[in-house]
Amino acid sequence: MRGFIFDLDGVIVDTAKYHYLAWKHLADELGITFTEEDNERFKGVSRKRCLEILLEMGGMEVSGEQFNRWLHEKNEDYLSHISKMDASEILPDVPRVLDYLRDRNIPMALGSASKNARPILEKVGLLSYFNTIVDGNEVVKAKPDPQVFLLAAERLGVSPNQCVVFEDALAGIEAANKAGMQSIGIGDPDILTEADAVFRDFTEIDVDYLRGLLAGSQ
Ligand code: G16
Ligand code: MG
């Protein structure tokens, strides 16, 4: 039996743009230059680690209390963006692929670094597709550590070498590879160089390819 694990941000929904807006807002406030290119480094990375990187970029060192205030501020800003989300923000052809797998009773998990994964899935109406959600509230070791995906496989009752992971971040592809899983990149092939296969988005993944993944021949 094969199991499928989906990352959230950048794979199921494009929340990366909201993370970017919230980090940019904080960076502007702190006088730190933060571009969309810098945001690439934040993909799949925990909130805490992102702030550490941002402060390193600005050459700033702060107390734990101030650090937590900024973490909170960034998240509040991010939540104000995601509170307006609905099903129209699901990335193209994601429901087609989820339906295909659900119709065949394939075990599916969400494996995300985000602490907001569950409310986002609820908002866009996809929560019920997943047999288990493994998110940033449970995982201690962030991607590229394989913990998030290994826990997802364990909960699905599928051995890691039978799992397929869809990921948009380099750190996530590394995590899937370390877990001994098949890694499929969603995004730019020039960035996701370590993935077993890369597609720009799910519109490029046809039924034949899905059939091949299920049969283990892709
Ligand atoms: C996501 C994003 C990251 C974000 C992280 C934590 O991971 O890609 O940019 O920093 O979650 O999110 P939050 O602040 O909501 O806890 P993933 O693994 O879903 O791509
Ligand atoms: Mg992601």
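These legends describe close-up views of a predicted model.

**View 1. Four acidic positions annotated as a binding site.** An unreviewed UniProt entry gives the annotation "binding site" to Asp7, Asp9, Glu167 and Asp168. These residues are spread over 162 residues of sequence, yet they cluster in space, with a largest C-alpha distance of 8.8 Å. Asp9 belongs to the loop between β1 (3-6) and α1 (16-30), while Glu167 is part of strand β4 (residues 163-167).

**View 2. The surroundings of Asp9 and Glu167.** Asp9 has 24 other C-beta atoms within 10 Å and is therefore buried. Beyond its neighbours within four places in sequence, Asp9 is in contact with Thr15, Ala16, His19, Ser112 and Ser114. Glu167 is also buried, because it has 30 C-beta neighbours inside 10 Å. With neighbours within four places in sequence left aside, the contacts of Glu167 are Asp7, Val11, Gly172, Ile173, Ala176, Ser183, Gly185 and Ile186. Asp7, one of these contacts, is listed with Glu167 in the UniProt annotation.

**View 3. Ligand 1 and its shell.** Ligand 1 is surrounded by 20 residues, of which Asp9, Ser112, Ala113, Ser114 and Lys115 are the closest. The shell is made up of six nonpolar, nine polar and five charged residues. Residues of the shell come from both domain 1 (3-14 + 87-215) and domain 2 (16-82), so ligand 1 lies between the two domains.

**View 4. A second set of annotated positions, with Trp23 and Lys115.** The unreviewed UniProt entry also lists Asp7, Leu8, Asp9, Trp23, Lys74, Ser112, Ala113, Ser114, Lys115, Asn116 and Lys143 under "binding site". Trp23 sits in helix α1. Trp23 counts as buried because it has 23 C-beta neighbours inside 10 Å. Residues up to four places away in sequence aside, Trp23 touches Phe34, Asn39, Phe42, Cys50, Leu54 and Lys74. Lys115 is in the loop between β2 and α6. With 16 other C-beta atoms within 10 Å, Lys115 falls short of the 20 needed to be buried and has over 12, so it is partly exposed. Lys115 touches Arg47, Asp135, Gly136 and Asn137, again not counting residues up to four places away in sequence.

**View 5. The largest nonpolar core.** This core holds 47 residues, and those touching the most other members are Ile5, Leu110, Phe149, Ala152, Cys163 and Val165. Two or more residues come from each of β1, α5 (94-103), β2 (108-111), α6 (117-124), α7 (147-156), β4, α8 (170-178) and β5 (182-186). The element that gives the most is α7, with six residues. Another core, of eleven residues, lies apart from this one and has Tyr20, Trp23, Cys50 and Tyr78 among its members.

**View 6. Helix α7 and what covers it.** The residues Val148, Phe149, Leu150, Ala152, Ala153 and Leu156 of α7 are buried. The elements covering the buried residues of α7 include β1, β2, β3 (132-134), β4 and α8. Phe149 is in contact with Ile5, Gly111, Cys163, Val165, Ala175, Ala176, Ala179 and Met181, leaving aside its neighbours within four places in sequence. After α7 comes Gly157, which has a positive phi, near 75°.

Note on methods
Residues numbered from 1 in each chain as written. Chains lettered and ligands numbered in written order. Predicted model: local features only at pLDDT ≥ 70, side-chain atom pairs only at ≥ 80, totals over all residues. UniProt positions renumbered as here; feature names shortened; annotations may be inferred. Helix = DSSP H or I, 4+ residues; strand = E, 2+ residues; numbered from the N terminus. Contact = placed C-beta atoms within 7 Å. Near = placed C-beta within 6 Å. Nonpolar A, V, L, I, M, F, W, Y, C, P; charged D, E, K, R; others polar. Domains from an automatic or database assignment. Core = buried A, V, L, I, M, F, W, Y, C linked by C-beta atoms within 7 Å.
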